[in-house]
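This briefing walks through selected helices, loops and a ligand site. Please keep the structure open while reading.

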Amino acid sequence: SEILVRVKDLKMHFPIRSGVFSRVVGAVKAVDGLTFDIAKGETLGLVGESGCGKTTAGRAILQLYRPTAGEVEFRGVDLAKRGPEDVRRARRHMQMIFQDPYASLNPQMRVGEIIARPLRVHGVARNAREERALVTELMQKVGLHPSVRDRYPHEFSGGQRQRIGIARALATSPDFIVCDEPISALDVSIQAQIVNLLERLREELGLTYLFIAHDLSMVRYISTRVGVMYLGKMMELTTSDELYERPLHPYTKALLSAIPIPDPPLERQRQRMLLEGDLPSPADPPAGCRFSSRCPMATDQCRAIEPEFREATGGHWVACHLV
Ligand code: SF4
């Protein structure tokens with residue numbers, strides 16, 4: 001299948017400054033060498049604890065941050081090497097849906113204006129009439145009645161606000177959307193509705209998603225493949241079914257064993273693998289394998305040599321010395 005997004009050795013480091021001369025004394029290596037492809041039409045889930053760099057990775061792919069190093073190819077063009085004008089043009093085809101529908105919508109703008117804004121920025125509508133018609137169409141696409149276009153964001157529920165955010169993201173007819181934890185801030189009863197909407201839109205409009213989430217249960221059914229990140233690096237990447245049925249990396253196993261099983265006998269049989277300790281700082285990651293400070297299987301080799309991210313079996317990538 002056709003590759004839409006190709007990420008190669010992507011790094012996003014933020015300098016740490018200190019003292020009166022604000023000298024650079026170190027770097028937070030939020031993303032520290034990510035390599036993966038996203039095929040056209042697929043949903044790639046990206047999972048990890050908060051602070052693992054998944055949101056930063058999403059933003060660096062969209063060029064909302066300029067990557068420190070590495071390549072981000074979109075439709076065959078390496079954006080990391082292009083100037084602002086090329087990036088602006090590409091951005092029309094790549095959008096983001098934000099985690100917090102409360103914070104990401106300007107409270108002083110009417111819903112119709114919020115959705116119309118990208119149409120204006122990218123010159124999609126030629127006049128006010130066309131703009132109004134497009135806004136109506138976008139609102140209908142996400143299940144909002146066009147009659148509410150003159151209302152303000154605070155007049156809507158969380159789920160409806162996320163629909164507004166989705167309509168705004170769709171305004172420029174993008175091919176690729178980074179969904180940054182789009183359901184984590186919503187009530188459980190609303191989450192399925194938004195997931196179903198995203199799934200329907202993907203099919204209807206031929207969209208490709210990078211779907212960021214902090215736990216594995218959320219991405220299982222929506223993702224074609226899932227990548228697991230830890231401290232700025234990819235630990236494991238494979239198809240959704242393979243990851244849940246045959247996880248290879250100790251960190252993935254730990255994340256999976258944290259998901260409760262609704263069936264009590266099964267739940268009792270299961271061996272839980274608890275993650276001990278806190279996530280180390282991305283400014284000072286452990287030597288060798290980044291997971292070594294919390295991995296129950298860690299050996300001296302793990303603490304000295306960083307495992308390579310390599311293909312263990314067809315399409316199943318993992319970074320662990322024991323695999
Ligand atoms: Fe654990 Fe070693 Fe594998 Fe890292 S390389 S996940 S420390 S076993």
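Val135, Leu138 and Met139 are the buried residues to look at in α4. They share one side of the helix, because they span an arc of only 100° around its axis. The model is predicted. Its mean pLDDT is 91, and 96% of the protein's residues reach 70 or more. For the complex, the predictor gives an ipTM of 0.99 and a pTM of 0.92.

**Helix α4**

- Helix α4 covers residues 128–141, which makes 14 residues.
- At 1.5 Å a residue α4 should span 20 Å, and its end C-alpha atoms are indeed 20 Å apart, so expectation and model agree.
- An α-helix has 3.6 residues a turn, so residues three or four places apart point the same way.
- Which residues sit on the face of α4 turned away from its buried side? The exposed residues there are Arg129, Glu130, Ala133 and Gln140.
- The buried residues of α4 pack against two helices, α3 (111–121) and α5 (158–170).
- Gly143, just after α4, has a positive phi of about 80°.

**Helix α3**

- Val111, Gly112, Ile114, Ile115, Ala116 and Pro118 are the buried residues of α3.
- The cover over these α3 residues includes α4 and α5.
- Gly123 follows α3 and has a positive phi, near 60°.

**Arg161 in helix α5**

- Arg161 belongs to helix α5.
- Is Arg161 buried or exposed? Arg161 counts as buried, because it has 23 C-beta neighbours inside 10 Å and 20 are enough for that class.
- Residues up to four places away in sequence aside, Arg161 touches Pro101, Tyr102, Leu105, Pro153 and Phe156.
- Ser240 is 79 residues from Arg161 along the chain, and their C-alpha atoms are separated by 29 Å.

**Helix α6 and Ile194**

- α6 has 18 residues.
- From first C-alpha to last, α6 reaches 26 Å, close to the 26 Å expected at 1.5 Å a residue.
- Ile194 is placed in helix α6.
- Ile194 counts as buried, since 22 C-beta neighbours lie inside 10 Å.
- Beyond its neighbours within four places in sequence, Ile194 is in contact with Gly159, Gln162, Pro182, Ile183 and Leu186.
- Ile194 and Asn127 are 67 residues apart along the chain, with 31 Å between their C-alpha atoms.
- Just after α6 comes Gly206, with a positive phi of about 65°.

**Leu207, between α6 and β8**

- Leu207 lies in the loop that joins α6 (188–205) to β8 (208–213).
- Why does Leu207 count as buried? The reason is that 24 other C-beta atoms lie within 10 Å, and the class begins at 20.
- Neighbours within four places in sequence aside, Leu207 is in contact with Asp175, Ile177, Leu201 and Arg202.
- Leu207 and Thr43 are 164 residues apart in sequence, yet their C-alpha atoms are 8.7 Å apart in space.

**Positive phi outside glycine**

- Most residues other than glycine have a negative phi, and most peptide bonds are trans.
- Ser22 has a positive phi, near 40°.
- Ser22 sits in the loop between β1 (3–18) and β2 (23–39).
- Ser22 is exposed, because it has 9 other C-beta atoms within 10 Å and 12 or fewer define that class.
- Ser173 also has a positive phi, in this case near 50°.
- Ser173 is located in the loop between α5 and β7 (176–180).
- Ser173 counts as partly exposed, because 13 C-beta neighbours lie inside 10 Å.

**Ligand site**

- How many residues surround the ligand? The count is 13.
- The closest are Cys289, Cys295, Ala298, Cys302 and Cys320.
- The shell around the ligand divides into 10 nonpolar residues, three polar and no charged.

Notes. Residues numbered from 1 in each chain as written. Predicted model: local features only at pLDDT ≥ 70, side-chain atom pairs only at ≥ 80, totals over all residues. Helix = DSSP H or I, 4+ residues; strand = E, 2+ residues; numbered from the N terminus. Expected span 1.5 Å × (residues − 1). Arc of directions from axis to C-beta. Contact = placed C-beta atoms within 7 Å. Near = placed C-beta within 6 Å. Nonpolar A, V, L, I, M, F, W, Y, C, P; charged D, E, K, R; others polar. pLDDT = per-residue confidence, 0-100.
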